[in-house]
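The following exercises ask the reader to work through a protein chain step by step. Please examine the sequence and the structure before reading each solution.

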Amino acid sequence: MDNSIAEYWNAFAAQELIRPFIMLAGHIKISVDGNQWCVLYGENLQDGVAGFGDSPEHASRDFDVSWHAKLPATPIRPVKPTFSVQRCAACDGTGRAYYDDSTPRGGNYSSERSCNICGGHGTTDVQP
Ligand SMILES: [Zn+2]
């Protein structure tokens, strides 16, 4: 056998031997789940690692992929503001706001005045 071919097969065999499915073979359950083969490491699908496929071979390859899969990213926790003031949401930081006022005759008109929420500063205090 050509040396390079021997090396190829050695490398291939080594790769096969370190497959998660092979390494964990003694701890893995193989079963039929619905219309698919299921390879499972662990107590159940929720807490364990599983692979599915049309054949045990396909399921074992899928298991290898699952073994290297990362958990979905955890939601980012809201970051507490490090500043003591924030832009006033009521007037969008302008300090000015429109208010509907009643006329003596019962009609309404809109007038621009200092924002009631921030007192015209455009910012509101934040409790860090
Ligand atoms: Zn405001």
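**Exercise 1. Determine what share of the chain is buried, and list the order of its elements.**

Solution. In this predicted model, buried residues account for 11% of the 128 residues in the chain. The next step is to count the elements: there are three helices and seven strands. Read from the N terminus, their order is α-α-β-β-β-α-β-β-β-β. Finally, consider the contacts with a separation of 6 or more: 36% of them join residues 24 or more positions apart.

**Exercise 2. Describe the open sheet of three strands and identify its edges.**

Solution. Step one is the order of the strands, which is S1-S2-S3, with antiparallel pairing. Step two concerns the edges: S1 (28-33) and S3 each have a single partner strand, so one side of each is left without a neighbour in the sheet. Step three is the twist: on average, neighbouring strands of this sheet are turned by 20° against each other, direction ignored.

Step four looks at one pair in detail. Six bridges connect S1 and S2 in the antiparallel sense. Ile28 has Tyr41 of S2 as its bridge partner, and Ser31 has Cys38 of S2. The hairpin of S1 and S2 has two residues between the strands, and Gly34 takes a positive phi near 65° there. As background, strands of a sheet pair through backbone hydrogen bonds, either parallel or antiparallel.

**Exercise 3. Find which residues make up the largest nonpolar core and which elements give two or more residues to it.**

Solution. The core has eight residues: Phe21, Ile28, Trp37, Val39, Leu40, Ala50, Ala59 and Phe63. The elements that give two or more residues to it are strand S2 (36-41) and helix H3 (56-68). S2 supplies the largest share, three residues.

Trp37, a member of this core, may then be examined on its own. Leaving aside neighbours within four places in sequence, Trp37 is in contact with Ile30, Val32, Phe52, Gly53, Ser55, Pro56 and Ala59. Of these partners, Ala59 is also listed in the core. The general background is that nonpolar side chains tend to be buried together in soluble globular proteins.

**Exercise 4. Explain why the buried residues of H3 line one face of the helix, and state what covers them.**

Solution. Begin with the dimensions: H3 has 13 residues and reaches 19 Å from its first C-alpha to its last, close to the 18 Å expected at 1.5 Å a residue. Next, list its buried residues, which are Ala59, Ser60 and Phe63. Seen down the axis of H3, these buried residues fall within an arc of 100°, so they line one face of the helix. On the other side of H3, the residues Glu57, Val65 and His68 are exposed.

It remains to find the cover. Helix H2 (20-23), S2 and strand S3 (49-53) are among the elements that cover the buried residues of H3. H3 packs on the sheet and touches S1, S2 and S3, while its direction makes about 140° with that of S3.

**Exercise 5. Characterise the hairpin of S5 and S6, and decide whether S6 is buried or lies in the open.**

Solution. The pairing comes first: strand S5 (residues 96-102) is joined to S6 by seven bridges, and the two run antiparallel. Within this pair, Tyr98 stands opposite Glu112 in S6. The turn comes next: five residues lie between the strands, and Gly106 in the turn has a positive phi of about 100°. The last step is burial. Of the seven residues of S6, the number buried is zero, so S6 lies largely in the open.

**Exercise 6. Locate Gly120 and His121 and classify their exposure.**

Solution. His121 lies in the loop between strand S6 (108-114) and strand S7 (123-125), and Gly120 has its place in the loop between S6 and S7 as well. To be buried, a residue needs 20 or more other C-beta atoms within 10 Å, and to be exposed, 12 or fewer. Gly120 has 15 C-beta neighbours inside 10 Å, so Gly120 counts as partly exposed. His121 has 15 such neighbours and therefore counts as partly exposed.

The final step is to trace links along the chain. The C-alpha atoms of His121 and Gly95 are separated by 5.1 Å, although these residues are 26 residues apart along the chain. Gly120 and Arg96 are 24 residues apart in sequence and 6.0 Å apart in space, C-alpha to C-alpha. Not counting residues up to four places away in sequence, Gly120 touches Gly95, Ser114 and Cys115.

Key
Residues numbered from 1 in each chain as written. Predicted model: local features only at pLDDT ≥ 70, side-chain atom pairs only at ≥ 80, totals over all residues. Core = buried A, V, L, I, M, F, W, Y, C linked by C-beta atoms within 7 Å. Helix = DSSP H or I, 4+ residues; strand = E, 2+ residues; numbered from the N terminus. Contact = placed C-beta atoms within 7 Å. Expected span 1.5 Å × (residues − 1). Arc of directions from axis to C-beta. Pairing = 2+ DSSP bridges. Axes fitted to C-alpha atoms, helices over the stretch in contact; angles between N-to-C directions.
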